[in-house]
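Me: I'm new to this one and would like to go through it in small steps. Can you put it up so we can talk it over?

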Amino acid sequence: MDVSEMIQKMGVVPVVVLNDAKDAAPLARALCEGGLPCAEVTFRTEAAEESIRIMTTEYPDMFVGAGTVLTIHQVDRAVAAGARFIVSPGFDPEIVDYCLSKDIPVYPGCITPSEVAQAVKRGLKVVKFFPAEQFGGVSTIKALAAPYVGVKFMPTGGVNAKNLENYLACDKIVACGGSWMVKGSLVAEGKFDEIRDLAKEAVQLVADIRSK
């Protein structure tokens, strides 16, 4: 199973911001116990690189990627730490081409036809759509997908338990990125049991949506 297939199987990818690497292991455990053994760890913080390393070392079966990647240097650091895929908020040709040259799965943000066209030109089949809610959500994704029939989307930004069904009901969407089950406040307060329970709810929600 390749990375995109794994992401599609999950249905939801927790988007994680970690300010302290000490939280990486208990968070990984909570997600795995909740049946959602995956995470997109954003490179917004100094703790991101070490957090990815801890997660992938202590939970080798966990599916961990790096998000908010803005430079090639960050790509190298993330992959060296164990990241299995790269996500960028926008379409950066330098980052995309570099990842493709290294056979690193990459999901660049695409919100316009021109950006999707650049992804298609490079053979990408799945792209990120960010920020999803602010740029029209499912209706915009459907409009973009119409001329680019071979492309599917991974919306992130404003996706939550309440609107997840609206997204996953669209066959042009492989999965959604979301942070509602891994809120920074829950991590900071050490409420990993609550994160585990929210992950379980997310897994059940995906199953319920897909069974309809």
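**Getting around the model**

Reply: Let's start with D23, which sits in the loop between β1 (12–16) and α2 (24–33); helices (H or I, at least four residues) and strands (E, at least two) are DSSP runs, numbered from the N terminus. This is a predicted model, where local features need pLDDT of at least 70, side-chain atom pairs count only at pLDDT 80 or more, and totals for chains, interfaces and linings use all residues. Residues are numbered from 1 along each chain as its sequence is written, and side-chain values use heavy atoms, with hydrogens and water left out.

Me: Is D23 buried or exposed?
Reply: The scale goes like this: buried means under 20% relative accessible area, exposed over 50%, and partly exposed in between (1.4 Å probe, protein chains only). D23 comes out at 9% relative accessibility, so the label is buried.

Me: Which residues does D23 touch, not counting residues up to four places away in sequence?
Reply: Contact here means heavy atoms within 4.5 Å. Closer in sequence, the side chains of D23 and K22 share a polar contact of 3.1 Å (a pair of N or O atoms within 3.5 Å; within protein, one must be able to donate a hydrogen and the other to accept it, and residues adjacent in sequence count only if both atoms are side-chain atoms). With residues up to four places away set aside, D23 touches L18, V187 and F192.

Me: How many salt bridges does a search of the whole structure find?
Reply: Side chains of opposite charge can pair when their charged atoms come close. The test is a side-chain nitrogen of Lys or Arg within 4 Å of a carboxyl oxygen of Asp or Glu. E49, E50, R53 and R77 are linked in a network of such bridges. For the whole structure, the number of salt bridges found is 10.

Me: How many residues apart are R122 and D97?
Reply: Their side chains meet in a salt bridge, 2.6 Å from N to O. R122 is in the loop between α6 (113–121) and β6 (126–129), while D97 is in helix α5 (residues 93–101), and this pair linking distant parts of the chain is 25 residues apart.

Me: What about E165 and K212: which parts of the chain does that pair link?
Reply: The side chains of E165 and K212 meet in a salt bridge of 2.8 Å, N to O. E165 is partly exposed at 34%, whereas K212 counts as exposed at 71% relative accessibility. The distant parts linked are helix α8 (residues 164–168), home of E165, and, for K212, the segment after α10 (192–210).

Me: Why is C110 not bonded to the closest cysteine sulfur?
Reply: A disulfide is a covalent bond between the sulfur atoms of two cysteines. The cut-off used is a pair of cysteine sulfur atoms within 2.5 Å, and the structure holds 0 disulfides. C38 is in none either, with the nearest cysteine sulfur, that of C32, 8.9 Å away. As for C110, its sulfur is too far for a bond because the closest cysteine sulfur, in C99, is at 13 Å.

Me: Which elements give two or more residues to the lining of the largest pocket?
Reply: On a 1 Å grid over the protein atoms alone, a pocket is an open set of points where a 1.4 Å probe fits, with protein on both sides within 12 Å along at least five of seven lines; lining residues have an atom within 4 Å of a point. The largest pocket has a volume of about 310 Å³, the space filled by probe spheres set on points joined across faces, edges and corners. Its lining has 20 residues, with V15, V17, R44, T156 and S179 nearest its centre. The elements giving two or more of the lining residues are β2 (38–42) and β8 (176–178).

Me: Which backbone oxygen does the side chain of T140 reach?
Reply: T140 is in helix α7 (residues 137–145). Leaving aside neighbours within four places in sequence, T140 is in contact with F129 and F135. At 2.7 Å, the T140 side chain reaches the backbone oxygen of F135.

Me: Which residues does a cis peptide bond join?
Reply: One partner, P131, is in the loop between β6 and α7. With omega at about -10°, the cis bond joins F130 and P131.
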